[in-house]
Amino acid sequence: NLDPREIEGVDFGIQYSVDIDAGSFDLKLNTAYLSRFNQDPSAPLQQLIDAGVSVTNAGSLIEQNGRPRVRSTASLNWKKDSWGAGMFVRYVGDIVDTSTRADRDTDNPGAALPVGDFTTVSANVRYRFDSGTLENSTIKLGMRNIFDEEPPVADQQLGYFGSLHSNRGRYAYAEFNKKF
């Protein structure tokens, strides 16, 4: 069983807001850094390790199977009068998928499958109507995954780590809200 004392990391967040002539700006940054994630092997696994067999799910589990060392999000939002805009960035560090052993690399046969890092960027612009028929209404236009990033390939049911990555490609959206 996993001993919780074997997990160490730091979650860091910063939020900064400023109002200047150009408008109001809000910046948020959140990062989770995993410095230690160890699991003691069970007795049968320890026997395999002692015999020189490479095993998974024992020892350091950082950067393995859905446990990246770093995950981060950042957002920047701006508003001035009736206008607003925002940008959101999400980053997940690289890992290895130990559920399969890739034999593609002849220099290192049996190595775990590397799963690269993943970054997506989304943005939007919005306008709030303060008078007329559309008073108390907001229209927002945006795009998610602007650079059309595809999830890194992994030996998982969907072909990628669904808990870390998204298969949604670039797409635009429009949103209309009216308060009554």
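**Figure 1. Overall fold of the chain.** Read along the sequence, the order of elements is β-β-α-β-β-β-β-β-β-β-β. That makes one helix and ten strands. The model is predicted. Of the 180 residues in the chain, 23% are buried. The accessible surface comes to about 11800 Å². Carbon and sulfur atoms account for 52% of that surface. Among contacts between residues at least 6 apart in sequence, 58% join residues at least 24 apart.

**Figure 2. The largest nonpolar core and the surroundings of Phe161.** Six residues make up this core: Val92, Ile95, Val115, Ala154, Phe161 and Leu164. The view centres on Phe161. Leaving out residues up to four places away in sequence, Phe161 touches Ile95, Val115 and Ala154, among others. Those three are also members of the core. The contacts of Phe161 further include Asn65, Gly66, Asp97 and Gln156.

**Figure 3. A nonpolar patch on the surface.** Trp83, Val125, Leu134, Ile139, Leu141 and Phe176 form the patch. Together they present about 530 Å² of accessible area. Trp83 belongs to strand E5, which covers residues 83-92. Trp83 counts as partly exposed because its relative accessibility is 45%, between the 20% and 50% cut-offs. Leu141, another patch member, reappears in the next view as a contact of Asn124.

**Figure 4. Asn124 in strand E8.** Strand E8 runs over residues 118-129 and includes Asn124. Is Asn124 buried or exposed? Asn124 is buried, because its relative accessibility is 17% and the cut-off for buried is under 20%. Its side chain makes a polar contact with the side chain of Arg126, at 2.7 Å. Beyond its neighbours within four places in sequence, Asn124 is in contact with Ala85 and Gly86. Lys140, Leu141 and Gly142 are also contacts of Asn124, as is Tyr173.

**Figure 5. The salt bridge between Glu63 and Arg69.** A search of the whole structure finds two salt bridges. In this one, the side chains of Glu63 and Arg69 meet, with an N to O distance of 3.8 Å. Glu63 has a relative accessible area of 29%, so this residue is partly exposed. Arg69 is likewise partly exposed, at 27% relative accessibility.

**Figure 6. The salt bridge between Arg128 and Asp130.** How far apart are the closest N and O atoms of Arg128 and Asp130? They lie 2.8 Å apart in this salt bridge. Arg128 is partly exposed, with 38% relative accessibility. Asp130 is partly exposed as well, at 42%. Arg128 falls within the residue range of strand E8, 118-129.

**Figure 7. Phe25 and its contacts.** Phe25 sits in strand E2, which spans residues 23-39. Its relative accessible area is 25%, so Phe25 counts as partly exposed. Which residues does Phe25 touch, not counting those up to four places away in sequence? Tyr16, Ser17, Val18 and Ile20 are touched on one stretch of sequence, and Leu76, Asn77 and Trp78 on another. Gly84 is 59 residues from Phe25 along the chain. The C-alpha atoms of Phe25 and Gly84 are separated by 9.7 Å.

Technical notes:
Residues numbered from 1 in each chain as written. Predicted model: local features only at pLDDT ≥ 70, side-chain atom pairs only at ≥ 80, totals over all residues. Heavy atoms only, no water. Patch = residues over 30% accessible without salt bridge, like charges linked within 9 Å, V, L, I, M, F, W, Y side chains within 5 Å. Areas by Shrake-Rupley, 256 points an atom, 1.4 Å probe, with all protein chains shown as cover. Salt bridge = Lys/Arg side-chain N within 4 Å of Asp/Glu carboxyl O. Helix = DSSP H or I, 4+ residues; strand = E, 2+ residues; numbered from the N terminus. Buried < 20%, exposed > 50% of the residue type's maximum accessible area, 1.4 Å probe, protein only. Core = buried A, V, L, I, M, F, W, Y, C linked by side-chain atoms within 4.5 Å. Contact = heavy atoms within 4.5 Å. Polar contact = N/O pair within 3.5 Å; in protein donor to acceptor, adjacent residues only side chain to side chain.
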